[in-house]
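Subject: Structure handover

Hi,

Here is the structure I promised to pass on. Please open it alongside this message.

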Amino acid sequence: MARVTEYDGLRGWLLIIIACNHLWGEFVSDFTRAPLGYVSAAEAFVFLSGYVAYFVYRKLHLTPIKQAKKILFRTLTIYLFHICAITITFTLIFFFPFYKTMWNEFFLAGNFYLSVSEFALASALLLEHPGYHDILIMYLFAMFFLPLTMVALKHNHWFLVLIVSIFCWLLAPIIELSDLNNLYNVLFPSLTMQISYFDPMAWQLYFYIGVLLSYAKFERNINFEFTPIVKVTLVSLAVVFMIAKHTHQFTWLSPFVANSGYAPIGLVINLLVLSYVFMLWMRHFPWLFNLKYPIFLGQHALPVFSFHTIVVYFLLPAFHPNITHYWYWDLAACALFVATLWIPASLDDKYHQYKKSKLTPVLI
């Protein structure tokens, strides 16, 4: 199946922006943190993951059972990357305790120092959410239910998928992991329950909006070609969100975009209009999404993202005193971080080339 390089390129750009944002400098992140409105690269990445997931698995032409096996195998792969990233991160933290104070306060890693064994078990059960290691959990949650979604969409029950996703989104502020605090204390008496800022029940909406738009495009042949008036309206709405974010005008929008951990309705609308704007960019300026380095990173997104969650634990504390005061330090740290993302992408590429060479029959 041929890849669409523009999707890989966009995913690569989002990985680059996420890496820069996670350094929390005082210069680069002013431009990269939600530059086009209230939507950050994180929401866009989850949305794009859903869009690409449907595009990929619909093309396999498998029976529902075989398709489900492939999706669940991918889900297991994401889980293993998640666990490996946590294991490597905290093994390094154990042997090189350079930045314990920042790890405790900023990265919420205090439970590791209270009980390593309980921390390990809680992490394996996805109940421990140290900084930046909570993000893949959202992806896992959405991917786990994708096989059922694919079956529903195969029978054109798209409205059912939408209703269930919206229902889970509405339940998110009501059903919280903190409700399990008593059970958590029984299972892990030495630890303090720490809940991720991102609620998987809410953020699955971004993923499944991506799935449904992909379904509309590739199954219903809806190309989202609108009349000039609708086009101008959508682009204008995107501009309004951007102006509101950066000038603090339109204060009436604030209640609709507050608390992004629950995917507020304003962010959902902002994401939808931005997805349309990016679709226009891809149609009219495809070169922006066909640059080799972002494509390379996007083609190996899972190892790249996992690698970044490890490196940021050491790079951020090392550079923090300088990147918050000097713009050139911030720029240099971001450039270094982005450059290192080549390492996991290259290793993953070599691994897949090795697998292909083993599967290719040798002709004598």
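Below are my notes on the core, the aromatic contacts and one pocket.

One caution before the details: this is a predicted model.

**Core**

The largest nonpolar core has 95 residues. Four of them have the most contacts inside it: L23, M143, L146 and F207. What does L23 touch, leaving aside residues up to four places away in sequence? Its partners are V312, L315, L316, I323, A333, C334 and F337.

**Aromatic pairs**

The structure holds 39 aromatic pairs. Take Y54 and Y215 to begin with. Their ring centres are 6.0 Å apart and their planes stand at 85°, so this pair is edge-to-face. Which helices does the pair tie together? Y54 lies in α3 (residues 41-58) and Y215 lies in α12 (residues 200-218), so the contact links parts that are 161 residues apart in sequence.

Are these two tyrosines buried or exposed? Buried means under 20% relative accessible area. Y54 has 3% relative accessibility, so it counts as buried. Y215 is also at 3%, so it is buried too.

F198 and W203 make another edge-to-face pair. Here the centres are 4.9 Å apart, with 75° between the planes. W203 is buried, at 1% relative accessibility. F198 has a relative accessible area of 18%, and therefore still counts as buried.

**Cluster and charges over rings**

One aromatic cluster is formed by W24, F90, F106, F107, F112, Y113, F119, Y132 and Y313. Y113, a member of that cluster, also has a lysine over its ring. The charged end of K100 sits there, 4.5 Å from the ring centre. A second case of a charge over a ring involves K217 and F218. K217 lies over the face of F218, at 5.7 Å from the ring centre.

**Second largest pocket**

This pocket holds about 960 Å³ of space. Its lining has 37 residues. Nearest the centre are L10, L274, S275, F278 and M279.

Which elements give two or more residues to the lining? They are α1 (5-21), α3, α12 and α15 (265-284). The largest share, 11 residues, comes from α15. Note that α3 and α12 come up again here. They are the helices that hold Y54 and Y215.

If you want to look around in the viewer, three places to visit are the Y54 and Y215 pair, K100 over Y113, and the pocket residues around L274 and F278.

Best wishes

Conventions: Residues are numbered from 1 along each chain as its sequence is written. This is a predicted model: local features need pLDDT of at least 70, side-chain atom pairs count only at pLDDT 80 or more; totals for chains, interfaces and linings use all residues. Side-chain values use heavy atoms; hydrogens and water are left out. A nonpolar core is a set of buried Ala, Val, Leu, Ile, Met, Phe, Trp, Tyr and Cys residues joined through side-chain atoms within 4.5 Å. Buried means under 20% relative accessible area, exposed over 50%, partly exposed in between (1.4 Å probe, protein chains only). Contact means heavy atoms within 4.5 Å. Rings of Phe, Tyr and Trp (its six-membered ring) pair if their centres lie within 6.5 Å; planes under 30 degrees apart count as stacked, over 60 as edge-to-face and the rest as tilted. Helices (H or I, at least four residues) and strands (E, at least two) are DSSP runs, numbered from the N terminus. A charge sits over a ring if NZ of Lys or CZ of Arg is within 6 Å of the ring centre and within 35 degrees of the ring normal. On a 1 Å grid over the protein atoms alone, a cavity is a set of points where a 1.4 Å probe fits but cannot get out, and a pocket is an open set with protein on both sides within 12 Å along at least five of seven lines; lining residues have an atom within 4 Å of a point. Grid points are joined across faces, edges and corners, and a volume is the space filled by probe spheres set on the points.
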